[in-house]
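Q: I'd like a close look at one part of this model, taken slowly. Could you start from a single residue and then work outward to its surroundings?

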Amino acid sequence: MPNSYKPRSYSMLRTSLIGIVMLLFFTTTSFAASEGVPIPPDQGKYSLGLEYNRIFVKDLKPKDFGSYRSMKINSSDQVYVVPSYGVYQGERFKVGVLGKVGIADLKIKGEDPVSNVEKIDYDMGFLWGLGSKASYNFENNLTLSLGVQYNAWYSDLDQANYRDQLSNNITKRANASVSEFQAAILLSAVFKQPGREDISYTPYIGPSFSEVKLDTGTISYTTASSGRTGIQTGASADQHVGVTVGVDVLTVSDTLRINAELRFITETAFSLSVHYKF
């Protein structure tokens, strides 16, 4: 189709690409996020989404090997809204930006140097994020997308469990600060539902890179028969390259999009979202 957009859109494209590069080289304190809808909105169009993201397990490298011999995220539930905006659209190339605002919790499981199991739970806290997506549509119905995101959240310590005993006195606590930088390259294709022109399916797959870091400061607590003093649960990601698989279902005259996604290797995670395009 002909390109009818004004020249000023090229300055918007330049600004968007600069933003993507800045995110790619951003030094993070970083956590695992979904890629969601792989193709950004059309230029000048908005969409608003509601997303649930569940991390089942993610292996970590403990920051202080004197306190822990191993550590992992045992689970995390995240719920947030996702506003998106299309900043540029050419004949085949599109660029968009997005934000995230919501809540997230965190559960950590670790082993001390002698293999005693410790579990630390954190309450729901404030989550925010920023990102950008670019896509190129080929003539053979395939689309190649690049997405970059930075997400962070902060949660209050709820309870600790050490050697199957709940803490009865937390003498020193600190909030968890968790964040993530993630980039993904996704290949997708659109399939129309036979007999229903208003419904289409867009499966996608591709590699993802993530850099995750976690910091909680210093924690001290006691249980009925023991306890731990002055421990730190800071950690970073154990694996950095994974696989993302998902599908978009577009319906209701190109305005309502439902997305489901799975992520492997770097983490075992699932997300489900609904997006409405204005």
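Leaving aside neighbours within four places in sequence, which residues is Asp238 in contact with?

A: Asp238 is in contact with Asp59, Leu60 and Lys61, once its neighbours within four places in sequence are left aside. Before going on, keep in mind that this is a predicted model. Asp238 sits in the loop between strand S14 (235-237) and strand S15 (241-251). Is it tucked away? With a relative accessible area of 30%, Asp238 counts as partly exposed, because buried means under 20% and exposed means over 50%. Asp238 also shows how a chain can bring distant stretches together: Lys72 is 166 residues away from Asp238 in sequence, yet their C-alpha atoms are 9.0 Å apart in space.

You can play the same game with another loop residue. Asn141 belongs to the loop between S4 and strand S5 (142-155), and at 35% relative accessible area Asn141 is partly exposed. Leaving out neighbours within four places in sequence, Asn141 is in contact with Ser188, Ala189 and Val190. Its C-alpha atom is 8.9 Å from that of Phe191, and those two residues are 50 residues apart along the chain.

For contrast, try a residue in a strand. Ser84 lies in strand S2, and its 12% relative accessibility makes Ser84 buried. Again setting aside neighbours within four places in sequence, the residues in contact with Ser84 are Pro41, Lys45, Tyr46, Ser47, Val97 and Leu98.

Now let's go to the core. In soluble globular proteins, nonpolar side chains tend to be buried together. Here the largest nonpolar core has 27 residues, and Leu106, Ile120, Tyr122, Ile219 and Tyr221 have the most contacts inside it. Strands that each supply at least two residues of this core include S1 (46-62), S2 (70-89), S3 (93-111) and S4 (117-137). S6 (157-162), S9 (176-189) and S12 (218-222) are on that list as well.

Two of those well-connected residues, Ile219 and Tyr221, lead us into a small sheet. Three strands make up this open sheet in the order S8-S12-S13, with antiparallel pairing. S8 (169-172) and S13 (227-232) are the edge strands, each with a single partner, so one side of each has no neighbour in the sheet. From one strand to the next, the twist averages 20°.

Look at how the pieces line up. S8 and S12 run antiparallel and are joined by three bridges. Across that pairing, Asn169 stands opposite Thr222 in S12, and Ile170 stands opposite Tyr221. On the S13 side, four bridges join S12 to S13, also antiparallel, and Ile219 faces Ile231 in S13. The chain gets from S12 to S13 by a hairpin through four residues.

Tyr221 deserves a longer look. Not counting residues up to four places away in sequence, Tyr221 touches Glu118, Ala160, Tyr162, Ser167, Asn169, Ile170, Thr171, Gly227, Arg228 and Ile231. One of those partners, Arg228, has its charged end over the ring of Tyr68, 5.0 Å from the ring's centre.

Next, a loop with some backbone quirks. Arg163 is in the loop between S6 and strand S7 (165-166), and Asp164 is found in the loop between S6 and S7 too. Neither residue is a glycine, but Arg163 has a positive phi of about 55°, and Asp164 has a positive phi of about 65°. When it comes to accessibility, Arg163 is partly exposed at 47%, whereas Asp164 is exposed at 73%.

Last stop: the rings. Across the whole structure, a search finds six aromatic pairs. One of them joins Tyr276 and Phe278, edge-to-face, at 5.1 Å centre to centre and 75° between the planes. The pair earns the edge-to-face label because its planes are over 60 degrees apart. Tyr276 is partly exposed, with 41% relative accessible area, while Phe278 is exposed, with 56%.

Definitions and conventions: Residues numbered from 1 in each chain as written. Predicted model: local features only at pLDDT ≥ 70, side-chain atom pairs only at ≥ 80, totals over all residues. Heavy atoms only, no water. Core = buried A, V, L, I, M, F, W, Y, C linked by side-chain atoms within 4.5 Å. Buried < 20%, exposed > 50% of the residue type's maximum accessible area, 1.4 Å probe, protein only. Contact = heavy atoms within 4.5 Å. Pairing = 2+ DSSP bridges. Axes fitted to C-alpha atoms, helices over the stretch in contact; angles between N-to-C directions. Phe/Tyr/Trp six-rings, centres within 6.5 Å; stacked < 30°, edge-to-face > 60°. Lys NZ or Arg CZ within 6 Å of the ring centre and 35° of its normal.
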